[in-house]
Amino acid sequence: MSIDIIFKIAAIGILITVICQILKKADRDDIATLVSLAGLIIVLTLVIGMISELFDSIKYIFNLY
């Protein structure tokens, strides 16, 4: 596993947090919620790709094809 993916997830989290705080200060709580959901979806797509690679590696290691 590369450390780059951890930095990407952390950067997305920090960016989403800053945007949400700015939107909450501007009384735009509904948009802040949508932004946080979008950030969650982006991170989940990254993680699902990694889990898929993990299962492929496990299948290859144990010859489960």
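Reader: Where does Ile61 sit in this model?

Author: Ile61 belongs to helix α2, which covers residues 29-61. Keep in mind that the model is predicted.

Reader: What makes Ile61 exposed?

Author: Its relative accessibility is 59%. Exposed means over 50%, so Ile61 counts as exposed.

Reader: Which residues make the nonpolar surface patch with Ile61?

Author: Ile51, Leu54, Phe55, Ile58, Tyr60, Phe62 and Leu64 join Ile61 there, and the patch comes to about 870 Å².

Reader: Now to Cys20. Why is Cys20 called buried?

Author: Cys20, which lies in helix α1, has a relative accessibility of 10%. The cut-off for buried is under 20%, so Cys20 counts as buried.

Reader: What does Cys20 touch, not counting residues up to four places away in sequence?

Author: Ala32, Val35 and Ser36. Looking from the other side, and again leaving aside neighbours within four places, Ala32 is in contact with Cys20, Leu23 and Lys24.

Reader: How far apart are Cys20 and Met50?

Author: In sequence they are 30 residues apart, and in space 27 Å, C-alpha to C-alpha.

Reader: Which residues make up the largest nonpolar core?

Author: Five of them: Ile16, Cys20, Leu23, Ala32 and Val35. Both α1 (3-25) and α2 supply at least two residues of this core, with the largest share, 3 residues, coming from α1.

Reader: What is the general background to a core like that?

Author: In soluble globular proteins, nonpolar side chains tend to be buried together.

Reader: Which residues of α1 are buried, and what do they pack against?

Author: Ile5, Ile16, Cys20 and Leu23 are the buried ones, and the buried residues of α1 pack against α2.

Reader: And which residues of α2 are buried?

Author: Ala32, Val35, Gly39 and Val43. What covers them includes α1.

Reader: How do you know that the span of α1 is close to the expected one?

Author: Set the two values side by side: α1 has 23 residues and reaches 34 Å from its first C-alpha to its last, while 33 Å is expected at 1.5 Å a residue. The expected figure takes 1.5 Å times one less than the number of residues. So the span of α1 is close to expectation.

Reader: How does the span of α2 fit the expected value?

Author: With 33 residues, α2 reaches 48 Å between its first and last C-alpha, and the expected span is 48 Å.

Reader: What makes Asp27 stand out in its phi?

Author: Asp27 has a positive phi of about 55° although it is not a glycine. Most residues other than glycine have a negative phi. Asp27 comes just after α1, in the loop between α1 and α2.

Reader: Why is Asp27 called exposed?

Author: Its relative accessible area is 66%. Anything over 50% is exposed, so that label applies to Asp27.

Reader: What phi does Asn63 take, and where is Asn63?

Author: Asn63 comes just after α2 and takes a positive phi of about 50°.

Technical notes
Residues numbered from 1 in each chain as written. Predicted model: local features only at pLDDT ≥ 70, side-chain atom pairs only at ≥ 80, totals over all residues. Heavy atoms only, no water. Patch = residues over 30% accessible without salt bridge, like charges linked within 9 Å, V, L, I, M, F, W, Y side chains within 5 Å. Areas by Shrake-Rupley, 256 points an atom, 1.4 Å probe, with all protein chains shown as cover. Salt bridge = Lys/Arg side-chain N within 4 Å of Asp/Glu carboxyl O. Helix = DSSP H or I, 4+ residues; strand = E, 2+ residues; numbered from the N terminus. Buried < 20%, exposed > 50% of the residue type's maximum accessible area, 1.4 Å probe, protein only. Core = buried A, V, L, I, M, F, W, Y, C linked by side-chain atoms within 4.5 Å. Contact = heavy atoms within 4.5 Å.
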